[in-house]
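Reader: I am in my first year and still learning to read protein models. Could you take me slowly through one part of this one, the surroundings of the ligand, and then show me how the strands are arranged into sheets?

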Amino acid sequence: MSDVIIIGAGPAGLAGAIACAEHGLHVTVLDEFIKPGGRLLGQLHQEPSGEWWNGIQEAERLFNKASNLAVDIRCGVSVFDLEKRDQLWHVHTNSGTFKARFVLVATGAAEYPIPIPGWTLPGVMSIGAAQVMTNVHRVQVGKKGVIIGANILAFAILNELQLAGINVERIILPEKSPLSGKAADPEEVLKSLLHAAHLAPSAMLRFGSRFMKQDWMRKLVINFFPGGGMKINGTPLQLRKAALEIIGEEQVEGVRVADIDAAGAVIPGTETVYEADFVCIAGGLYPLAELAAVAGCPFHYVPELGGHVPAHSETMETPLEGLFVAGNITGIESGKIAMAQGTTAGLSIVKHSGKAPGSIEQKLGQAVQNIVHVRQHAAIQFNPEIENGRNKMKQHWEQQVKTNSLSSEKIG
Ligand SMILES: Cc1cc2nc3c(=O)[nH]c(=O)nc-3n(C[C@H](O)[C@H](O)[C@H](O)COP(=O)(O)OP(=O)(O)OC[C@H]3O[C@@H](n4cnc5c(N)ncnc54)[C@H](O)[C@@H]3O)c2cc1C
């Protein structure tokens, strides 16, 4: 029997496995995908320093390191339930039940869908699916595409599609509806993109973005935003166009669009059709946290982290004894941060297991500091208010610890 079961072989899970195994714990990693690496497998981008982030190589490095430490990594294993009985966690999967004293849930993130009429046509996919088809399965998703939804993930993947020689003709917004929310509001979209402006491909865009931090300036830019869009890496970003419907007989043939005003309302009589043979919908990411919920972990709603997130401490423990979380399940951030969190969770498990008692506190403290450091230097940040979100979770945790100690004093 393993000491630790890790659910998810992404950067958080593999880094957690390495930290545990380096301190003598027996670790099993379970992942439902065909190979380890999680979302790293789709990632390829150039950092502001000029260095390339090659997710496939990073996944191989982590996999080899974990394998050399005798971590048992099992792919094609899907976890559907998690419960504690007789002091052990029981992890139920399609390959039977695994038991261990400690469980690290590192299941990552999922994409928000934005329903649009015609979105069931062949050739329509989420932006993440386009990334997986292109970079993992090496399948060309189409020849002439439109991305609906303008967010950091869409731009990261636009770049990857371009590197693969796939032509994305334009990026437009979804139509305003209760389901599309802020993604359909041109000013909100511009605001969120400005936080990533340091990554803009041209010096002029980077320079221009500094002037748009003021509300009045942003409003001015949105009001006079060119109908043909502004080019990002050669692809026009059209913040004043919204997708009304994806059209086609047997498969995608185009997108029916209309002009929108600065608040996102459709301007009647402006409809036109953009031809396309594939469409990607980019709705953003949220933590994939169902397994923590079925285990009975309490949650907090923290929009800055991506939505409902399992309660956890800075050292990645949850209020449930023996249950830990790391990576995007705790809030949407990039791969390097997931790795730093995985290492922290692994060291936290080592501490609770009683292994390496002398040095572990210091290592754990350094690992927590390292998360902050990596976050400060992150090339990709999905939510500009992430630090705010992390502080909110820290306050929730401290409040919980205070309440618990008060009630145990009363009982005593
Ligand atoms: C579609 C998409 C695209 C992204 N693109 C980028 C990008 O380009 N750049 C970037 O920096 N970040 C990107 N991210 C963010 C990305 O999630 C982080 O960079 C990082 O991969 C998070 O690491 P993680 O270990 O938390 O989760 P992941 O890397 O997502 O790994 C989680 C693993 O858990 C497994 N899993 C989930 N549920 C179960 C279950 N029930 N049973 C068994 N296994 C399970 C999954 O198969 C997966 O392998 C993307 C995220 C998504 C969802």
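Author: What follows looks at the ligand and its surroundings, and then turns to two sheets.

Please keep in mind from the start that this is a predicted model. Around the ligand there are 32 residues, and among these Asp31, Arg39, Val79, Asn328 and Gly335 come nearest. If you sort the residues of this shell by character, you find 13 that are nonpolar, 13 that are polar and six that are charged. Several elements contribute to the shell, for α1 (11–22), β10 (109–111), α3 (127–136), α4 (152–163) and α9 (335–353) each supply at least two of its residues.

It helps to look next at individual atoms. A polar backbone atom of Arg39 is 2.8 Å from an oxygen atom of the ligand, and a backbone N or O atom of Gly335 likewise lies 2.8 Å from a ligand oxygen. For Ala12, a polar backbone atom is found 3.0 Å from an oxygen atom of the ligand. As for how much of the ligand is covered, it exposes 960 Å² when taken alone, and the protein buries 95% of that area.

Now to the sheets, beginning with a general point. Strands of a sheet pair through backbone hydrogen bonds, and they do so either parallel or antiparallel.

The parallel case can be seen in an open sheet of five strands, whose order is β5-β2-β1-β9-β22. At its edges stand β5 (72–75) and β22 (323–325), and because each has a single partner strand, one side of each is left without a neighbour in the sheet. On average, and with direction ignored, neighbouring strands here are turned by 20° against each other. Within this sheet, β1 (residues 4–7) pairs with β9 (residues 102–105) in the parallel sense over four bridges, and Ile6 has Leu104 in β9 as its bridge partner.

The antiparallel case appears in an open sheet of three strands, ordered β6-β7-β8. Its edges are formed by β6 (79–85) and β8 (96–100), each of which has a single partner strand, so one side of each has no neighbour in the sheet. The twist from one strand to the next averages 20°. Strand β7 (residues 88–93) is joined to β8 by five bridges, the two running antiparallel, and Thr93 has Gly96 in β8 as its bridge partner.

How values were computed. Residues are numbered from 1 along each chain as its sequence is written. This is a predicted model: local features need pLDDT of at least 70, side-chain atom pairs count only at pLDDT 80 or more; totals for chains, interfaces and linings use all residues. Side-chain values use heavy atoms; hydrogens and water are left out. Two strands pair if DSSP finds at least two bridges between them. Axes are lines fitted to C-alpha atoms, for helices over the stretch in contact, and angles run from 0 to 180 degrees between N-to-C directions. A residue is near a molecule or strand if one of its heavy atoms lies within 4 Å of it. A polar contact is a pair of N or O atoms within 3.5 Å; within protein, one must be able to donate a hydrogen and the other to accept it, and residues adjacent in sequence count only if both atoms are side-chain atoms. Accessible areas come from the Shrake-Rupley method with a 1.4 Å probe; for residues, only the protein chains shown count as cover. Ala, Val, Leu, Ile, Met, Phe, Trp, Tyr, Cys and Pro count as nonpolar, Asp, Glu, Lys and Arg as charged, and the others, Gly among them, as polar.
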